[in-house]
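Dear colleague,

I am passing on the structure we spoke about, with some notes on what turned up in it. Please have the sequence and the model open side by side as you read.

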Amino acid sequence: MEAAVMLRFYGQPKFKIMNDGMTRVGYELFIRELQDNRWVLPADFTACTPDQLEQLLMQTIAALPAGIELISFNLEQSQFIDDRFIEMVKRVQATTAIKIFTELTERTSPNVSTAQLRAAAAKFHAANLLVCIDDVGTGDNTPDMVVALDEYIDEYKFALQNFRPFNRISEITATINFWYKMAADRGKMLAIEGLENESDYDTIKQYYPCDVIQGYYTGKPELLQVAADMPSNLID
């Protein structure tokens, strides 16, 4: 009999830029596994089953603080095209008014085609589920890939950290301008992550006001609570 695996989410706060500062509106959820009394990255993200993820999402959502408007979590390409995950997100979304964004990661799954990803995105869209293309412009999430799925996509996420090292955002003006304009032209939400200092924040606020920001400057990932009255988070 295999040992039980304990899974939890770390959450990095998401913020909306306001005229007088910023306000927390949600979290990005990062799955972690307990090993030797430490929360670590799973060796294989695709090993997480729909049932495990559903239980963990339900437990975490039930314990979120008041005022949270949205959350996002990642699926690998092989999970994204799996109907079981789509049905799982549908069930969880039906239980909460918090908007759930499924983020399609940029990591390659060699046996998954663009056509399969497009078909899966269409299923999410038909079920009124929100989809974000993670880390646009890096990995598999190239402009061609984004355009192929774009009809069914709700949000782009631009990851500043994937373009470091740079001293100032002005050093990657062409790249960030491309995705900023594309999001505006196509009517997509835009999240910018990877803000690491005040200069990053000031530049984004002045030149790239977007729907959501996140980064170590605004808040580091932290272990999120789960609802005490929910089933155990010991997931087997």
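The notes below go through the strands, a helix, the cores and a few backbone details.

Please keep in mind throughout that this is a predicted model.

I would begin with strand β7, which spans residues 155-159, and in which five of the five residues are buried. Glu 155, Lys 157 and Ala 159 point one way from this strand, while Tyr 156 and Phe 158 point the other way. This fits the general pattern that side chains in a regular strand alternate between the two faces of the sheet. On one side β7 runs parallel to β6 (residues 130-133), to which two bridges join it, and Cys 132 has Glu 155 as its bridge partner. β7 also runs parallel to β8 (residues 189-193), here with five bridges, and Ala 159 stands opposite Glu 193. The chain passes from β7 to β8 through helix α6 (residues 173-186), in a β-α-β crossover that is right-handed. A right-handed β-α-β unit is likewise made by β6, helix α5 (residues 143-149) and β7.

Which residues surround Glu 155, apart from its close neighbours in sequence? It touches Phe 101, Val 131, Cys 132, Ile 133, Met 189, Leu 190, Ala 191 and Val 212. Glu 155 has a relative accessible area of 3%, and because this is under 20%, it counts as buried. Its C-alpha atom is separated by 8.9 Å from that of Gly 187, although the two residues are 32 apart along the chain.

Another polar residue with little exposure is Ser 72, which lies in strand β4 and is buried, with a relative accessible area of 1%. The side chain of Ser 72 is joined to that of Lys 14 by a polar contact of 3.3 Å. Leaving out residues up to four places away in sequence, Ser 72 also touches others, including Tyr 27, Phe 101 and Lys 157.

Turning to helix α3 (residues 83-93), its buried residues are Phe 85, Ile 86, Met 88, Val 89, Val 92 and Gln 93. These cover an arc of only 160 degrees around the axis, and therefore lie on the same side of α3. Among the elements that cover them are α1 (50-62), β4 (70-75) and α4 (114-126).

As for the interior, the largest nonpolar core has 59 residues, and Leu 53, Ile 192 and Ile 204 are those with the most contacts inside it. Helix α3 gives the most to this core, with five residues. Apart from it lies another core, of five residues, among them Val 25, Phe 101, Ala 191 and Val 212. Beyond its neighbours within four places in sequence, Ile 192 is in contact with several residues, including Phe 158, Leu 160, Ile 176 and Ile 204.

Finally, some points on the backbone. The peptide bond from Arg 164 to Pro 165 is cis, with omega near 10 degrees, and Pro 165 is found in the loop between β7 and α6. Asp 36 has a positive phi of about 50 degrees although it is not a glycine, and Asp 135 likewise has a positive phi of about 50 degrees. Asp 36, in the loop between β2 and β3, is exposed, with a relative accessible area of 74%, whereas Asp 135, in the loop between β6 and α5, is buried, with a relative accessible area of 6%.

With best wishes

Technical notes. Residues numbered from 1 in each chain as written. Predicted model: local features only at pLDDT ≥ 70, side-chain atom pairs only at ≥ 80, totals over all residues. Heavy atoms only, no water. Buried < 20%, exposed > 50% of the residue type's maximum accessible area, 1.4 Å probe, protein only. Helix = DSSP H or I, 4+ residues; strand = E, 2+ residues; numbered from the N terminus. Arc of directions from axis to C-beta. Contact = heavy atoms within 4.5 Å. Core = buried A, V, L, I, M, F, W, Y, C linked by side-chain atoms within 4.5 Å. Pairing = 2+ DSSP bridges. Right-handed = clockwise from strand over helix to strand, strands pointing away. Polar contact = N/O pair within 3.5 Å; in protein donor to acceptor, adjacent residues only side chain to side chain.
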